[in-house]
Amino acid sequence: MDAQFLDLLALEYDTEEKIVTEIINLEAISNLPKGTEHFVSDLHGEFQAFQHVLRNGSGTVKDKIKALFREVWTDHEINAFIALVYYPEDKIRLVKADLCNKQALNRWYRQTIEHMLKLVSYASSKYTRSKLRKALPEQFVYIVEELLYKTDSTNNKDPYYEEIYRQIISLGQADKLIIGLAYTTQRLVVDHLHVVGDIYDRGPDPDKIMDTLINYHSVDIQWGNHDVLWIGAYAGSLVCLANIIRICARYDNLDIIEDIYGINLRPLLNLAEKYYDDNPAFRPKLQPGNNGSEQEILQITKMHQAIAMIQFKLEIPIIKRRPYFNMSNRLMLELIDYDKTEIKIGGKTYELKNTCFTTVNPQHPEHMLEEEQQVMDRLLFSVQHSEKLARHMNFLMKKGSLYLKYNGNLLFHGCIPLDEEGNMEEMQIEDKTYSGRQLLDVFENYLRYAFAHPEETEDLATDMAWYIWTGECSSLFGKREMTSFERYFIQDKEAYKERKNPYYQLRENEEICRKILLTFDMNPDHGHIINGHTPVKEIRGENPVKANGKLIVIDGGFSKAYQSTTGIAGYTLLYNSFGMQLVAHQKFISKEDVLCNGTDVLSVKRLVDKELERKLVRETNVGEKLLQKISNLKNLLEDRYMR
């Protein structure tokens, strides 16, 4: 096998010179400083805010501009240039409108291109020329490299360089070059992006986030519970699909289903119009600036009720055929006294308000009306035949996982299920018991199987996709029960308190975090846990850095639905060769505010962990692969040329 491997390697490196050159190149690269990792979480469809954070690299772009120009520029000039790098097309339009004189505009072009080249040079200082070349605007690579790598100390080439600038401007290419260099800078300041879960639900534009990630140069995703819900629906889970539509109806986001992914909701509307009326508990949470008519809101309200009742029906057979899910207390439609309009939960009886049980058979509440089944079958067919959704879900599977070990850190969205004593919580699945890392691996295996076999709609793998969304031992849900039913129909808030897994208290304990890192075969002295899922209530003084810096929570509230609770608009994390910084973001107002007023949404950068020695590429996941390739090439060199 070794000989066969070397034969294959020799096809690419077929001379001694090629092997030696590549070894030198890889050894040199492995001694460069590690690139900057950028961590974001819980985006929840908030594309505008996410895009801004991506463009500014959580403040990295601003830091580099200030470092270059703070001695020679005013704050106003710095802010104007920052806005240009963030939103080059829009800023250029504003500049053109302001500079009506062609001569003045040409001067601006000349100066701006020089400033952009300085910024690109500075931002690329720890990269190879080859890596920079890949980041440059393709049509201008030759020109940019000529201007970047000036070596003429005798000034013999000054006319040559000046003519390049003059021709760029006179041929009308200045706009394109400046825009290209701005995007090159954005790419250079972040080497790799981690999305620690929950791209979908609540906000209006998860599809735009997905399109951005698909085109991003280097990214991985740790699935969130809302992402798994969409994956489960695409994999054939009717109950996951019902949950998606219910959440979209609740947050006034049905456009995502119908307009973006092309899924026809007319059959659901027809069903809803037939059986349901207005109901205050099911009125949608309207998006800011919603101009929908009262009739449209009433239609959403009716569809919201229809899909919620279908969801509660669909849950019953899963709970009954999977007793090890331990969810018999969630057979809500079976717990109702329909004559008294009451329900008994945990030994306490509650009056039910705003009920909508017209399609429920009290003797067999799990029975779907033939019309309901037809609606769900049509919806599932549409979901599984949406080209755009297929592209997005396939990307989620390709780039995603439940957890990731990366450069010494452990990334996951929700929790590692623990019991009260801090031991790994056990779950029995069929005749086997799992906990900790093994449990997460089993969950992921089931999810991948379900995705690969969408025709199997009632098998264990498909049921498990729903369990990962809502089950008590799910690492993504992290609570004992999901009380959606109680929130709709019971006024007593005590009835729908959702008890969190002990992990969320125990993660404050450094020993617990070290134990978790060891469970995943990671170094507890140097590693960190990076978490999303639970909004950090900074407004109440909660600290996102826990367990003496061993654990960092980066869900601070991108979602507008959380911002009144959190007091901020999200945390992000940066990890470069010098260490880790946590960045808090204020509420993103608009792109126009950045362009016109020079405002930004960063508030505080907080040092989390400082490297005692600057971290090099050879100490990273990428470095491991480089070192392995170096070893393979040395073996090839010895086998073929040094015997």
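## Strands, helix pairs and two residues in a predicted model

Val195 stands opposite Ile221 in strand 3. That pair belongs to a parallel partnership, in which 3 bridges join strand 2 (residues 192–195) to strand 3. Strands here are DSSP runs of E with at least two residues, helices are DSSP runs of H or I with at least four residues, and both are numbered from the N terminus. Two strands pair if DSSP finds at least two bridges between them.

Before going on, a word on the source: this is a predicted model, in which local features need pLDDT of at least 70 and side-chain atom pairs count only at pLDDT 80 or more, while totals for chains, interfaces and linings use all residues. Residues are numbered from 1 along each chain as its sequence is written, and side-chain values use heavy atoms, with hydrogens and water left out.

Back to strand 3 (residues 219–222): Val219 and Ile221 point one way, Asp220 and Gln222 point the other way, and all are buried. Buried means under 20% relative accessible area, exposed means over 50%, and partly exposed lies in between (1.4 Å probe, protein chains only).

**Two open sheets**

Strands of a sheet pair through backbone hydrogen bonds, either parallel or antiparallel. One open sheet here has 3 strands in the order 4-5-6, with antiparallel pairing. Strand 4 (336–337) and strand 6 (348–351) are at its edges with a single partner strand each, so one side of each has no neighbour in the sheet. Strand 4 is joined to strand 5 (residues 342–345) by 2 bridges, and the two run antiparallel. Ile336 is opposite Ile343 in strand 5.

The other open sheet has 5 strands, ordered 8-9-12-14-13, and its pairing is mixed. Strand 8 (403–406) and strand 13 are its edge strands, each pairing on one side only. Within this sheet, strand 9 (residues 409–412) and strand 12 (residues 529–531) run parallel and are joined by 3 bridges. Leu411 has Ile530 in strand 12 as its bridge partner.

**A hairpin and Gln428**

Strand 10 and strand 11 form a hairpin with 2 residues between them, and Glu430 in the turn has a positive phi of about 55°. The two strands run antiparallel, with 4 bridges joining strand 10 to strand 11 (residues 432–435). Glu426 has Ser435 in strand 11 as its bridge partner. Strand 10 shows Met427 and Ile429 on a covered face, and Glu426 and Gln428 on an uncovered one.

Gln428 sits in strand 10 (residues 426–429) and is partly exposed, at a relative accessible area of 44%. Not counting residues up to four places away in sequence, Gln428 touches Tyr324 and Thr433; contact means heavy atoms within 4.5 Å. Gln428 is also 45 residues from Cys473 in sequence, with a C-alpha to C-alpha separation of 9.9 Å.

**Gly549 in its loop**

Gly549 lies in the loop between strand 13 (545–546) and strand 14 (551–553). Its relative accessibility of 12% makes Gly549 count as buried. Leaving aside neighbours within four places in sequence, Gly549 is in contact with His528 and Val608. Gly527 is 22 residues away from Gly549 along the chain, and their C-alpha atoms are 9.8 Å apart.

**Two helix pairs**

Two packed helices are described by the angle between their axes and the distance between the axes. Axes are lines fitted to C-alpha atoms, for helices over the stretch in contact, and angles run from 0 to 180 degrees between N-to-C directions.

| Helix pair | Angle | Axis distance |
|---|---|---|
| Helix 3 (residues 47–56) and helix 12 (residues 206–214) | about 25° | 9 Å |
| Helix 2 (residues 16–30) and helix 27 (residues 621–641) | about 155° | 10 Å |

Helix 3 and helix 12 are therefore roughly parallel, whereas helix 2 and helix 27 are roughly antiparallel. Angles under 35 degrees count as roughly parallel, over 145 as roughly antiparallel, 65 to 115 as roughly perpendicular and the rest as oblique.

Helix 3 and helix 12 cross in a right-handed way, while helix 2 passes helix 27 in a left-handed crossing. A crossing is left-handed if the near helix is turned anticlockwise from the far one by less than a right angle, and right-handed if clockwise.

From helix 3, Phe47, Phe50 and Leu54 meet Lys208, Ile209, Thr212 and Leu213 of helix 12. The residues of this contact divide into 5 nonpolar, 1 polar and 1 charged. Ala, Val, Leu, Ile, Met, Phe, Trp, Tyr, Cys and Pro count as nonpolar, Asp, Glu, Lys and Arg as charged, and the others, Gly among them, as polar.

In the other pair, the helix 2 residues in the contact include Ile19, Ile23 and Leu26, and those of helix 27 include Leu626, Ile630 and Tyr641. By class, the contact of helix 2 with helix 27 has 12 nonpolar, 1 polar and 5 charged residues.
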